[in-house]
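User: Please take a close look at the sheet of the first domain in this model, and then place that sheet in the context of the rest of the chain. I would like one connected account that I can follow with the structure open.

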Amino acid sequence: MLADTEHVSRDELLSQLSLVLEDRAISATLPTACYTDHALLQYEINTLFRQSWVGVGRTDRCTKPGDFSSRDIGGVPVLLIRNQGGELKAFANTCRHRGSLLLKGDGNCKKIRCPFHCWTYDLDGRLVFTPRMEAVPDFDLTAYGLTEFGVGVADGFAFVSLDAAAGEFDKWLGDYSSLHAAWGLSQWVTTRVREFEVNCNWKIFLEVFNEYYHLPYVHPKSINRMYPEPDDADQTTGNYTTQFGTTKGNAALLSDVQGQAFSHAVNLTGRERNGTRYTWVYPNMTFAASSDSLWMYEAYPITPHRSLIVQTVCFPAETVVLEDFESRAKHYYDRIDTAITEDIPFLEQQQTGLSSPFAKQGRFSRLEPSVANFAYWYASRLSGFLG
Ligand code: FES
Ligand SMILES: [Fe+2]
């Protein structure tokens with residue numbers, strides 16, 4: 001139960017959230033405390049993160065048996081690992097002996113071995129070896145396997161649910177597949193992953209990626225000219241928002257290197273060959289599916305003012321085998337990094353402004369429908385939990 005916080009009383013927060021909910025046409029932005037308050041962040045983590053399907057990147061981050069990738073989902077260390085049968089598993093990255101973190105970063109292992117006293121688990125999380133425990137009475141290894149979490153896979157994206165309250169994975173995504181099937185994204189291949197931290201709330205980072213309003217002011221010389229006004233956001237039934245827009249030229253490349261463009265993905269037809277779909281799967285994963293490339297971000301809160309961002313870039317399988325793939329892909333990485341480098345100072349400036357005790361709720365423009373959709377989802381979920 002959330003009590004009054006450092007920035008806002010519970011009643012005031014509920015009334016600000018109800019402003020977001022009561023009339024979609026008014027399109028009120030989220031309460032400013034949601035971007036700055038430590039108690040509220042903890043509440044978001046306990047509810048939105050721990051009771052949702054959380055995006056944890058592409059499944060090909062772990063391809064072979066024993067490949068693993070560790071994550072911190074709102075203070076819960078999680079281990080993603082491919083088992084012997086090729087299935088992607090998720091476990092609490094916490095030893096069942098005295099609780100040490102088991103594995104860090106990414107890598108490959110034959111077994112999951114705790115660095116502290118060598119308790120060892122197989123790739124299905126079963127405890128299989130415990131040195132010098134013979135003298136301990138009634139010690140049954142089978143009772144000390146790793147805690148397992150739910151894993152969902154769609155389009156090559158992996159999701160983890162820490163709590164059954166997230167419900168069934170297919171229900172979480174609703175009609176996601178029908179709007180994304182054209183790209184055949186499950187066949188796309190990750191070619192670059194990098195992580196960085198940003199001095200802004202996790203929501204701020206995801207919001208800017210999903211709106212066109214800022215383009216002429218933040219990206220006037222780089223990407224703005226490629227993005228004419230988009231379609232409206234699609235009506236969807238799942239826990240996500242999505243918006244497609246045609247582009248002038250290839251929006252995944254800066255204008256001086258348009259000649260380096262790869263062919264569009266083989267299965268794409270119609271308008272999708274000449275545009276980009278921006279999708280945000282709530283709460284924390286967003287991507288842009290262009291005709292020939294995919295770039296995505298996972299955002300994880302560290303504090304209300306600081307977030308860990310994981311950036312991933314993918315291309316269709318038929319593109320990554322081209323002889324000159326590496327040299328041409330560099331131009332795509334350059335475009336993606338240029339845009340995000342231009343965004344970040346504005347995001348940090350937004351965080352500073354929002355941190356003022358005088359910051360107040362605003363209104364979304366018609367060019368921010370996906371951000372407004374997220375605000376609505378967030379406000380409904382949070383007020384539901386606050387009840
Ligand atoms: S804490 Fe893992 S073996 Fe002791
Ligand atoms: Fe931007």
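**The sheet of domain 1 and its surroundings**

Analyst: Strand E9 (residues 148–154) and strand E10 (residues 157–161) run antiparallel and are joined by 5 bridges, and within this pair Val151 in E9 has Val160 in E10 as its bridge partner. The model is a predicted one, and what follows should be read as a description of that prediction.

The two strands belong to an open sheet of 7 strands, paired in the antiparallel sense, whose order is E1-E10-E9-E4-E3-E2-E5. Because E1 and E5 each have a single partner strand, they stand at the edges of this sheet, and one side of each is left without a neighbour in it. On average, and with direction ignored, neighbouring strands here are turned by 30° against each other.

Towards the E5 edge, the strand to follow is E2 (residues 67–73), which runs antiparallel to strand E3 (residues 76–82) and is joined to it by 6 bridges. In this pairing Arg71 stands opposite Val78 in E3. The connection between E2 and E3 is a hairpin with 2 residues between the strands, and Gly74, which lies in the turn, has a positive phi of about 55°. E2 is also joined, by 3 bridges, to strand E5 (residues 106–108), again with the strands running antiparallel, and there Asp67 stands opposite Asn108 in E5.

How does this part sit in the chain, and where are the bounds of the domains? The domain assignment gives domain 1 as 53–162 and domain 2 as 178–386, and the centres of domain 1 and domain 2, taken over C-alpha atoms, are separated by 30 Å. Contact between them involves 13 residues of domain 1 and 17 residues of domain 2. On the side of domain 1 that touches domain 2, the elements giving two or more residues are strand E1 (53–58) and E2, with E1 supplying the largest share, 5 residues. By class, the residues on that side of domain 1 divide into 4 nonpolar, 4 polar and 5 charged.

Further along the chain there is another open sheet, of 6 strands, also with antiparallel pairing, in the order E11-E16-E15-E14-E13-E12. Strand E11 (188–198) and strand E12 (240–246) each have a single partner strand and therefore stand at the edges of that sheet, with one side of each left without a neighbour. The twist in this sheet averages 15° from one strand to the next. At the E12 edge, E12 pairs with strand E13 (residues 275–281) in the antiparallel sense over 7 bridges, and Gly245 stands opposite Thr276 in E13. Helix H9 (residues 369–386) packs on this sheet, where it touches E12 and E13, and the direction of H9 makes about 175° with that of E12.

A helix pair completes the picture. The axes of helix H5 (residues 202–209) and helix H8 (residues 325–354) come within 10 Å and cross at roughly 135°, which means that H5 is oblique to H8, and the crossing in which H5 passes H8 is right-handed. The residues that meet are Ile204, Phe205 and Val208 in H5 and Asp343, Leu347, Gln350 and Gln351 in H8, and by class this contact has 4 nonpolar, 2 polar and 1 charged residues.

Terms used
Residues numbered from 1 in each chain as written. Chains lettered and ligands numbered in written order. Predicted model: local features only at pLDDT ≥ 70, side-chain atom pairs only at ≥ 80, totals over all residues. Pairing = 2+ DSSP bridges. Helix = DSSP H or I, 4+ residues; strand = E, 2+ residues; numbered from the N terminus. Axes fitted to C-alpha atoms, helices over the stretch in contact; angles between N-to-C directions. Parallel < 35°, antiparallel > 145°, perpendicular 65-115°, else oblique. Left-handed = near helix turned anticlockwise from the far one by under 90°. Contact = placed C-beta atoms within 7 Å. Nonpolar A, V, L, I, M, F, W, Y, C, P; charged D, E, K, R; others polar. Domains from an automatic or database assignment.
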